[in-house]
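Me: Could you take a close look at one part of this model for me, the disulfides? I'd like the geometry and where the linked ends sit.

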Amino acid sequence: MRCYFHALLLCMFFAFFSLLYVFNQLASTLEDGDEWTVRRAQRTPDSSGPDPGRDVRKGPGPAAGPRDHQEPLDRCKSLSVYWDPHWRLPADVCGVNCLLESSLRKKSSSAEKESRDERMHLAVVACGPRLEETLTMLKSAVLFSKKPLHVYIFAEDHLHDSFRDALHSWPSMVQQRFNFTTYPITFPSENAKEWKKLFKPCASQRLFLPVGLHSSSMHITTGDNKFDKCTHEDYVVSDLQLILKDVDSLLYVDTDIIFLQPMEEIWAFLSQFNSSHLAAMAPEHEEPRIAWYTRFARHPYYGKTGINSGVMLMNMTRFREKHFKNDMTAVPLRWEEMLMPLLQKYKLNITWGDQDLLNIIFHHNPESLYVFPCQWNYRPDHCIYGSNCKEAEQEGVFILHGNRGVYHDDKQPAFRAVYQAIQKYPFGDSMVNSLLLPLEAALQATTHTYCGRASHLFTKRLQQSIKSVQQDSTQR
């Protein structure tokens, strides 16, 4: 027995030194290969064309050019590697190094892909006389944002041509910064009328964004720009699971929203989500004693004051995957399984339609909601009885929400002044002379109202946004 043990130790001893020898030869080979690469690179003449070693690419991304046949050999690209056919290595390089490099390259490639995919996704639902209001919202989003934007417009069929004609009439330089797709308003066929009439016409459409729409076929219109070279045409989609299936995250806003700073600022909240978060919204009110839900709600609601769904940032992938706790069954339900039973249970007790349903859902799933401050969804409630949004007082209003029709009546002239200033601003004109100064003058005439006295909060962030746009324009 002792002889076998000694033999085992001797074998392990020789195996250890054999491995040392192999790695020593590997290091020597790599050094020789690097020197050979450098010498060949020195012999390669300079090219006057694009960067060699990159394939020609169409669409956004770094500049690219055709491959040069004199390109120096790149380690892991010469011969196929049996354990990973996507990575190649020179014949004189051992596979261990290539295995390590291939792992690093995969991570690098993934990071590069994410960095190139910078598009933001914005959704809005428009029914009835909401065409001009929606266009003004989109105008504010495009004016200040720097990243490319894809807009998903869910609208009644008779509005599709109007949206397309209006957006195509914008200057070409503006159209290059976004593209859009229009979808019809569609609800589950067995309860379509009930869903459509819930609260405001079509407002509950937002509830079905994560799970697709419910129709055997639909006409979809897409617009093109420099990011997507497609034609302006209608086409029919029959498999509804394709609708927004590839959209991982989305910002939904009501039509009465005005962006006062770049949309990428609120889009950045996605990076602050923890592993449980799947949506972000602002509180319905800051003061529980006068909050609507605290005083009048006849159903569960989130937190102390409820949430407002006019600005809703969503991780669509997590919506589709999660099973939600609820007060209808002990078994967690998927999003699409829960909506109709929830409506049937609470339809006689809800006032604000889909927003109330969202409050009920997140009351039972509070860990899934990220709450952002009130300046990201600033409404008349924040100033009508005196200023009560502390974050806006410190940093200004980021997103203005003119709910209750205040853009179109005399009840809150400060809100209407901001809306009209964005609506009337001519693309291409000086933002200072044609937007900011006229707005400041109009707000001076609203100081007889509580919101008018807080109107300096409306322009505080807007001034910074305009300055940033001017700086970018100068650098170009």
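Reply: With -95° about the S-S bond, the Cys-127 to Cys-202 link is left-handed. This is a predicted model, and in it the two sulfur atoms of that pair sit 1.9 Å apart. Cys-127 is in the loop between β3 (120-126) and α3, while Cys-202 is in the loop between α6 (192-196) and β6 (218-222), so the bond ties together parts 75 residues apart in sequence. Both ends are covered up: Cys-127 is buried because its relative accessible area is 6%, under the 20% cut-off, and Cys-202 is buried with a value of 0%.

The structure holds three disulfides, so on to the others. Cys-374 and Cys-389 also bond, with 1.9 Å between their sulfur atoms. The torsion about that S-S bond is about 95°, so this one is right-handed. Cys-374 and Cys-389 are each in the loop between β14 (369-371) and α12 (390-395), 15 residues apart. Cys-374 counts as buried at 1% relative accessibility, and Cys-389 does too at 0%.

Then there's Cys-383, joined to Cys-451 at 2.0 Å, S to S. About 90° of torsion around the S-S bond makes this disulfide right-handed. Cys-383 is in the loop between β14 and α12, and Cys-451 is in helix α15 (residues 450-453), so the link ties together parts 68 residues apart in sequence. Cys-383 and Cys-451 are both buried.

As for the wiring, if you number the bonded cysteines in sequence order, the pairing reads 1-2, 3-5, 4-6.

Key: Residues numbered from 1 in each chain as written. Predicted model: local features only at pLDDT ≥ 70, side-chain atom pairs only at ≥ 80, totals over all residues. Heavy atoms only, no water. Disulfide = S-S within 2.5 Å. Helix = DSSP H or I, 4+ residues; strand = E, 2+ residues; numbered from the N terminus. Buried < 20%, exposed > 50% of the residue type's maximum accessible area, 1.4 Å probe, protein only.
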